[in-house]
Each structure stands twice: as C-alpha cells, then as structure tokens.
Amino acid sequence: MTKTTTLSAPAPTAAAPDRKSRSRPTGRSPRSPRKRSSALLSKTGVTAMLGLAALYTLLPMLWLVLSSTKSRKDLFATNGFAPGKDFALFDNLSHLFQVDNGIYLRWLANTVLYAGVGALLATVFSVAAGYAFDKLAFPGKEKLFSFVLLGVMVPGTAMAIPLYLIAAKAGLVNTFWGVFVPGLVFPFGVYLARVFSAAYVPNEVLEAARMDGAGEFKAFCRIAFPMLAPAFVTIFLFQFTQIWNSFFLPLVMLSDKHLYPVNLGLYVWYSSALSQGHPQDYLLAVVGSLVSVAPLIVLFLMLQRYWKSGMTAGAVK
Amino acid sequence: MFRRRLTAMVCSVAALGLLATGCGGTDNGGSAAEKKTGEVTFWSFVKGSDKVAEAFNRTHPDIKVNFETVPSGQEYYSKLSNAVKAGTVPDVAVVEYPQLPEFATQGKLESLDGTLGPLVDKRFPQSTRKLVQLGGKTWGVPRDAAPLMLYYRNDFFKTHKIDVPKTWAEYRNMTERVKKADPKARGGVLYTDNPGLLSALTWQAGSQWFSTKKDAWKVSLDDAPSRKVADFWGDLARKDLVSSLSSLDPFWTSVQQNRTVAYVCASWCAGAQQATVADQKGKWAVAPVPTWDGKPASAMYGGSSFVVPKGAKNSGAAAEFIKWITTDPVGMKAWVSSGTSSMFPADPELVPVTKSAFPTDYFGGQDVYAVGSKSYDAVVPGWTWGPVMGTTNTAIIDQLPKVAEGNVKLSDVLTGAQKATVKDIQHRGMTLAP
C-alpha cells in the first residue's frame, strides 16, 4: 500500500486508487473512453454478480460432492471444501444402498411414484381443465376459475394440516394415497394451462376440427393436446419439483418408513445422527442427498428445451 | 399390578386448573387400560428403539408392538400434536422432558395415574419425577436421565499441566490456560443452536425457569442464578475463551481437529464422542461438572420419557410396554444392546445394566457411569420445564449466535426469552402467577 502511494504521488494526474471518483469530472471531454469504461464497468459488474450467484448455488453442491467422497473421519477432520485423505465414495454408496435392507432405494422409488406419476397425472388434469376454461363455454365458468385462482394463492404448506385432518377422516393417514392424491391437484397448473391454451391453440383450428366431424374430446386429444406440449412439460416440471420438495405433508401424513419419500428419509437420518452418536447416519444423509439430486438434474437437462420455450411463451401476447 | 379404575379419575381437570384445555374427549380408557393384549403402535426417534420393540415382541406373545421411526426435533412434536388433533395417534410415543409440559397442559396426553403412576413414584428420584408429573398427575415415564459431566482431553491437560477444574472460577482459569497453551484450542463451547446446555447450567446454579403455583405458571428465566450463569458464559464467549459453535457438525469437527479439548455435556455424550471421533480413543476422560461453590451440584441436559398420547386405542398394553422399556432390566438391556450408547437410565437401579454394556476403553478404562451416578445424585431438585418451550427455545436460539460477536449480552437474551414466553403463555389463555 505505502509503496504504491509514494510512487504515484509525483505523477501529474490523480492517484491510481482514486481513479473511480476522479474520472467523472476530468474525463468529460473525450466521450468514447468514458462510454467504453462504463460499459465495461457494467459488464464486469453484471459478470461479478452472476459469478457470486453461481458461487452461492454451486458451493453447497461442491461441499456435497466432496463430502460424499470422504470417510467418516475425514468428514470432520478435513476442510469442507477440500478433498479428504481417503476416497470413500464407493464405500459410502454401497453402504447407502445396503443399509436397512436397501431402504434408500425404496425411498427413491416412492419419490418417483409420488412426484413422477403424481405430477404426470396432475399435469394431464391441469391441461385438460385449463383448456376447458379457455375454449369451452359453460355456466359459472369464471366463478369456478376464481376458485382455481384462490387455490393458487394458498401456499402448499398451509394446506398440509387440513389435508391431514381430511385424510384422517378418510382413513388415508399413513398410506401411499395420503401423499399421492394431494399431489394430483395443481391449481397453478390449471391457470398456466389456460394461458397457454389461449396462446398456442387458435380457435380456427378447433373450428376446422369440428367441421371435419371431430367431437370435443377428440379435438382436445388429437388437435389441442399436441399443440400444448411445451405447456405440458412446463407444468409437469413445476409440479414435479413441488412434490419432490414437499416435506411437511409427508412428515405429518406418514409414519411407516417404507412409505417415506427420499427427503423425509434423509431427514430421519440427519435429525438424530449426531445428537445420538450415530455419525454414520450423518454420512448416509450426505451421500443420500447427493444421489437424490441426480435424477432432478438429469430431468431438467433432458427437458430444458421445452422448459425454456415454455417460460417465455405467452410473453408477447 | 397397579391397576386402578381409570373411570374413577375421569378428567378431574378442576383439580389441575393449569391444564388449559384439559381433556374433552370421550373417556373409554376404563376398559382399554384393563386390556393388556393386542397391537401397540410405537413412535420413537431414539436409537435402539427398533431393538427394544423386537425384544419386547419376543418376550410378550400377547402384545405386538409396531415400531415406526420418526424424525426428531420440532418437526416431530408438530407431527405428534397434529396426530392428536386428527385422532391418529400411536399408543406409545417418545417425548423429551422439555416438551412434556406443553403436551400435558394442552390435554394431549393420557394421564398415567391409574396405570404407571405408582411405578413412577416408586422407582425414580424426586428431581426426575418432577419432570413428568404436573398438576398432581403423572404424564410420562422417564427412560434416561442426562446428568452433566465435564469431558476433557487427558493428554492435552497432562502435557500442558492443566488441572481439571472443580469450580467455575477454576474452569475459567482452565479456558485461559488452554488458549495460552494452544492458540487454536478452546476449553469449552457455547452452542449457538441449542439452548439445552445453557438451561442445564442455570438449573445447576439453582435457577428455576418455571414453577407452578396453584393454577398459575411462574416464569423466571432471568432470575439471579440464571443471570450469573449467563454473564459467566457470555463473557467467556465474547473473550473467545470458549468457542461459539453449532452443536451439529461444526462442534464435532472442532473436536476431531483438536480445537475443542474440553466441554460440558451430559452422560450420553460419552457414546456420541466415542462413535463420532473414534480415533481419539484413550485420550479423553470425564470429571464431575464444575460447580459454583465446590459442592456437588448437577442438572440434566436432554433425556427422554415415554407417554401415551390422548386418544390412544390400546393404552393398557401401551402401559405394559412402557413399563418394560423403562424399568425392566431386560428392557433396559435391549436399549443398549448395540454397545454404542452411554445412555444413563433414569431408574438408578438399572445403572449396572447399561454400565456393563458400554465399553470403557475409549475413556481409558475410566468408570464413566460412576461419574454419571454421582452427578445424577447431585441433580438440583425442583426444576420444571415450561408450557411453551418451543417459543422459549426459539427466542433464545435466535439471539445466541450474536453473543460471541459481542452485540448482545447473554443475560439480555434470557430477558428477551422471558418476555416472549410470558406473552405466549398469556396468548394461549393460561394463567400467570403475579
């Protein structure tokens, strides 16, 4: 520090460290350098911001990847962002899939059923309902639609307890259906599907289909549905991640560990591992988390194209 | 053996006015309590629960216990609470001591007076009974006690000629010497995410955060002993003589990396220490927890009890199961069959059972249970947990990390928690003592 100031002091222009503040009054006459510097500044600024955001999202992931490769001792003995002394990823993985008679695979399969099949059906219902709201005329349509919007407003977590109380009456507590059935209802998907339908399915096409003798159902299945493919993928991904991440509903609804989705199972391992002297469960939760994010990443990469086109659709109209 | 007609004591809520909502449900407990057969659903997050259920099923052909693993922490208590609301409760559930009054005052537990009350009176010391009895009734049966001890690195203390502290003044001295001996090492920890140890230390100093007078709750989180403890630990944390860490992996990382060479914890920490930092075998030792005046005094950090939630369908068989897993030597043995638990039974008669199952080599052959027994005997009687511990704990945890930074005084954290607790008790319609 002291060296640079003594060096720059005899210089005729302002000292180097002060460039930012001085550049405004002095650099008024030559226009282009100023423009360039501000453009450069905003560019670096934006890049730096994006870099920070990337770090913010990637650092936990890095910790997860590195920690999964560590032995139990290294997990505590080494820095979280440095590799461990032993490479124990494969030991950890085989332990993960074997522990408790392979309960982890069971949890993964449950999650695929809850989130995968659940979201698929929810999307079919949403698209059909959204399409109906957009294209068909029936009494009380707008009133019904405001009901749907009401459903959009209520956050999912707030619904967990009422759903649980209803499920208790229906005898669905601690069953597969207790978590699966609520996942089939997706009001935001209905709303999205209506917007998509208005944007993607021209009325003329449906007119033509009807003229050619197609019934309403056939027109929807054969003509409208394929046109709504990007909507389908978008809604599917939305609902899939929502069910995948839903925690409180399975927490209250399920107590049989064979029905747990993977996030609840990991939480059971994590929550009592360290306080009860079972650090191996802590490591299991770490490795299990890594394995459980993999399907999500694959799914997003596969469906990225549709997802992107879906995000901007309707923006112009 | 301890059968008494439940119907005779049908919800005598009047007698325990401090139970805000009391029990409104139907009372078909009379016949259910008599029956000691059938299926029992059992919720627990305590390690070894699966083994205990298996062992019970082997020895009790008339009762079938179905064990279900649940997560621990606040999530579990909201799950249990909602299960009572919906009428889908298990027959037996684990509840830690701090949470028990909250469930009892909200009428979410079956009273055990007609079944296990006499057993609790007979088998457990008064300080522990006080944790499961409220308003003159018994609401749970203690499984383990968690008396405080001091854990320290024998090798480190020997090399640097540091004495094991007997009083808190000596403890402070010890933390200074540890830091001088190794600038990275600390002689203690103030947890940033867990108020349990702090409350135990105030309990040991003679504080009584909660007490009941007739129908009313008295809350005194910031009474004189409590402030003394808070000032002591707040100062240690601010001067960086003890580290300020989360009790989860940051704490164990610090132990593994030789940065924590002494800490106060309960009996169960011995098992956790042995399993989590296995390679420091032989380096650790335990000592009685330091006291203010040098005379033995202790308290509990943790511990759990078993309850029968309101609406349980098979409370008779449930009581039979609870009795076996808390007071039967065979049942107690099943808890520690894995050999990794240093659980300290709340029933003093069963200490030999758990002691024989816990290997002593990690602590260099030292009799950890003897230290535990002395500590258990010295637990200051009279401590009761409060009716809104969720609120109390949250109010403390929110502020705890700021103590080491010097922005907040630890005694002010307790004053803040006092206000939050009083407010929530009023909000829930319970009475406060003037």
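**Group meeting talk: a predicted two-chain model**

Hi everyone, let me start with chain A: among its contacts between residues at least 6 apart in sequence, 70% join residues at least 24 apart. Please keep in mind throughout that this is a predicted model.

Staying with chain A, the secondary structure is quick to describe, with 15 helices and zero strands. The chain has 317 residues, and buried ones make up 32% of them.

Now, which helix of chain A should span 69 Å if it were straight? That is α5(A), residues 89-135, with 47 residues at 1.5 Å a residue. In the model, though, its end C-alpha atoms are only 54 Å apart. Scroll along α5(A) and you will find a bend of about 115 degrees at Asp100(A). Then click on Asn101(A), which also sits in helix α5 of chain A. Its phi is positive, near 55 degrees, and this is a residue other than glycine. As background, most residues other than glycine have a negative phi. Is Asn101(A) buried or exposed? It counts as exposed, because it has 8 C-beta neighbours inside 10 Å, and the cut-off for exposed is 12 or fewer.

Let's move to where the two chains meet. Chain A brings 22 residues to the contact, and chain B brings 29. On the chain A side, four helices each supply at least two residues: α4 (72-77), α7 (156-170), α13 (248-253) and α14 (262-273). By residue class, that side of chain A divides into 13 nonpolar, six polar and three charged.

Hold on to α4 of chain A, please, as we cross over to chain B. Here I'd like to show you helix α11(B), residues 249-256. Seven of its eight residues are buried, so the helix is largely enclosed by the rest of the structure. The buried ones are Asp249(B), Phe251(B), Trp252(B), Thr253(B), Ser254(B), Val255(B) and Gln256(B). And what do they pack against? There is α4 of chain A, and from chain B there are β8 (189-191), β11 (243-245) and α12 (269-276).

Just after the helix, we meet another positive phi. Asn258(B) follows α11(B), with phi near 65 degrees. A little further on is Thr260(B), in the loop between α11 and β12 (262-266) of chain B. Thr260(B) is buried, because 25 other C-beta atoms lie within 10 Å, where the cut-off is 20 or more. Leaving out residues up to four places away in sequence, Thr260(B) touches Arg186(B), Val189(B), Ser243(B), Ser254(B) and Val255(B). Ser254(B) and Val255(B) are among the buried residues of α11(B) that I listed a moment ago. You can also check the distance to Thr175(B): 85 residues away in sequence, but 10 Å in space, C-alpha to C-alpha.

Another loop residue worth a click is Val242(B), between α10 (224-238) and β11 of chain B. Val242(B) counts as buried, with 26 C-beta neighbours inside 10 Å. Its C-alpha atom is 5.0 Å from that of Val189(B), which is 53 residues away along the chain. Beyond neighbours within four places in sequence, the contacts of Val242(B) include Thr175(B), Arg186(B) and Val189(B).

For contrast, go to Lys214(B), in the loop between β9 (210-213) and β10 (216-219) of chain B. Lys214(B) is exposed, with 8 other C-beta atoms within 10 Å. Phi of Lys214(B) is positive too, near 50 degrees.

Last stop, the sheet. In chain B, six strands form an open sheet with mixed pairing, in the order β2-β1-β3-β14-β6-β15. Which strands stand at the edges? They are β2 and β15 (344-345) of chain B, each with a single partner strand, so one side of each has no neighbour in the sheet.

Next to β2 in that order comes β1(B), residues 38-44, and five of its seven residues are buried, so β1(B) is largely enclosed by the rest of the structure. Seven bridges join β1(B) to β2(B), residues 63-69, and the two run parallel. Across that pairing, Thr41(B) stands opposite Asn66(B). With helix α2 (residues 49-59) of chain B, these two strands make a right-handed β-α-β unit. β1(B) also pairs in the parallel sense with β3 (residues 92-96) of chain B, over two bridges. There, Trp43(B) stands opposite Ala93(B).

That's my tour, and thanks for listening!

Methods. Residues are numbered from 1 along each chain as its sequence is written. Chains are lettered from A and ligands numbered from 1 in the order in which they are written. This is a predicted model: local features need pLDDT of at least 70, side-chain atom pairs count only at pLDDT 80 or more; totals for chains, interfaces and linings use all residues. Two residues are in contact if their C-beta atoms, placed from the backbone, lie within 7 Å. Ala, Val, Leu, Ile, Met, Phe, Trp, Tyr, Cys and Pro count as nonpolar, Asp, Glu, Lys and Arg as charged, and the others, Gly among them, as polar. The expected span of a helix is 1.5 Å times one less than its number of residues. The bend at a residue is the angle between axes fitted to the seven residues ending there and the seven starting there. Two strands pair if DSSP finds at least two bridges between them. A crossover is right-handed if, with the strands pointing away from the viewer, the path from the first strand over the helix to the second runs clockwise.
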